[in-house]
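This report works through a single protein chain, element by element, with the sequence and the coordinates open alongside the text. Please keep both in view while reading.

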Amino acid sequence: MKINKRLILASKSPRRYELLNPHFDKTEIVTKDVKEEYLATTPAEIVVELAKLKLADLPKIYPNDIVIAGDTIVWFKTKVYGKPKDRQDAFRMLKELSGNCHQVYSGFAVAYKGQVVTGYDKSDIIFKCLSDEMIENYINSGSPLDKAGSYGVQDGVVVERFSGDINTIIGLPLDKILSVCKELIFTYE
């Protein structure tokens, strides 16, 4: 069911756009430059805090539209793996994740008519055992350079298997977000 509202997407991620756009009348990408710093210590708190930060002042600018921001991190051995700084950073992340199980956390913040609802979802990922050559070839494809943890599950290259919602891994827990949007509209219309 399509949501009869305009979506202001506070993200430049083409994957988030592709996930959300079909569910709204119109989608507009509007982002604010924010420094991604956080005080939270758990992965769930980190992604929610960063998603709220990315909303910036957009809910005040667009109070009658749905504003959505999100953040995704890879969590492995109590460490956050965000987007790689460069090719060497991508190589390091992929090498460390090779053959191991880690978690992906995707947080969201949905704003509508002065209300903000946040949440997150988590999925477990098991990586294939990757040779240095496999990692280099994958990095050369360019795909890992703009993704948390330096990989995309949708690429089908490095992930052996996963549990949980694939949309969470791609960048947003879509079902949870759509449910929040419908509830906010129902409550505040």
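Is Tyr81 buried or exposed?

## Tyr81 and its surroundings

The model discussed here is a predicted one. Tyr81, which lies in strand 4, has a relative accessibility of 3% and therefore counts as buried, the cut-off for that class being under 20% relative accessible area. Once its neighbours within four places in sequence are set aside, Tyr81 is in contact with Ile73, Val74, Phe76, Arg92, Met93, Glu96, Ala148 and Gly149.

Among these partners, Glu96 also takes part in a polar contact, since its side chain and that of Tyr81 are joined at 2.4 Å. The C-alpha atom of Tyr81 is separated by 12 Å from that of Ile46, a residue 35 positions away along the chain.

## Strand 5 and the strands that pair with it

Strand 5, residues 101-112, has 11 of its 12 residues buried, so this strand is largely enclosed by the rest of the structure. Strand 3 pairs with strand 5 in the antiparallel sense over nine bridges, and within this pairing Gly70 stands opposite Phe108 of strand 5. Strand 6, residues 115-127, also runs antiparallel to strand 5, and 12 bridges join these two strands; Gln103 has Asp124 of strand 6 as its bridge partner.

Strand 5 and strand 6 form a hairpin with two residues between the strands, and in this hairpin Lys113 takes a positive phi near 50°.

## Positive phi values in the loops

Most residues other than glycine have a negative phi. Against that background, Lys77 has a positive phi near 50° although it is not a glycine. Lys77 is found in the loop between strand 3 (66-76) and strand 4 (79-81), and with a relative accessibility of 65% it counts as exposed.

Ala56 is another residue other than glycine with a positive phi near 50°. Its place is in the loop between helix 2 (43-55) and helix 3 (58-61), so that this value of phi occurs just after helix 2. Ala56 is partly exposed, with a relative accessible area of 38%.

## Helix 2 and what covers it

The 13 residues of helix 2 should span 18 Å at 1.5 Å a residue, and the C-alpha atoms at its ends are 19 Å apart, which agrees with that expectation. The buried residues of this helix are Pro43, Ala44, Ile46, Val47, Val48, Leu50, Ala51, Lys54 and Leu55. What covers them includes helix 3, together with strand 3, strand 4, strand 5 and strand 6.

## Helix 7 and its two faces

For helix 7, residues 174-188, the same kind of check can be made: at 1.5 Å a residue its 15 residues should span 21 Å, and its end C-alpha atoms are 21 Å apart, which agrees. Leu174, Ile177, Leu178, Val180, Cys181, Leu184 and Ile185 are buried in this helix. They cover an arc of only 160° around the axis, which puts them on the same side of helix 7. The face turned away from this buried side carries the exposed residues Asp175 and Phe186.

## The nonpolar cores

In soluble globular proteins, nonpolar side chains tend to be buried together. The largest nonpolar core of this model has 40 residues, of which Leu20, Phe24, Ile66, Ile68, Val110, Phe127 and Tyr151 touch the most other members. The largest share of this core, seven residues, comes from helix 7. A second, separate core of 11 residues includes Ala10, Val30, Val67 and Ala109.

Phe24 can serve as an example from the larger core: leaving aside its neighbours within four places in sequence, Phe24 is in contact with Lys2, Ile3, Lys5, Leu7, Ile66, Ile68, Leu178 and Cys181.

## Thr27 in strand 2

Thr27 has its place in strand 2, residues 24-29, and at 13% relative accessibility this residue counts as buried. Not counting residues up to four places away in sequence, Thr27 touches Leu7, Leu9, Tyr17 and Asn21. With Asn21, the side chain of Thr27 also makes a polar contact, side chain to side chain, at 2.8 Å.

Terms used: Residues are numbered from 1 along each chain as its sequence is written. This is a predicted model: local features need pLDDT of at least 70, side-chain atom pairs count only at pLDDT 80 or more; totals for chains, interfaces and linings use all residues. Side-chain values use heavy atoms; hydrogens and water are left out. Helices (H or I, at least four residues) and strands (E, at least two) are DSSP runs, numbered from the N terminus. The expected span of a helix is 1.5 Å times one less than its number of residues. Buried means under 20% relative accessible area, exposed over 50%, partly exposed in between (1.4 Å probe, protein chains only). The arc is that of the directions from the helix axis to the C-beta atoms. Two strands pair if DSSP finds at least two bridges between them. Contact means heavy atoms within 4.5 Å. A polar contact is a pair of N or O atoms within 3.5 Å; within protein, one must be able to donate a hydrogen and the other to accept it, and residues adjacent in sequence count only if both atoms are side-chain atoms. A nonpolar core is a set of buried Ala, Val, Leu, Ile, Met, Phe, Trp, Tyr and Cys residues joined through side-chain atoms within 4.5 Å.
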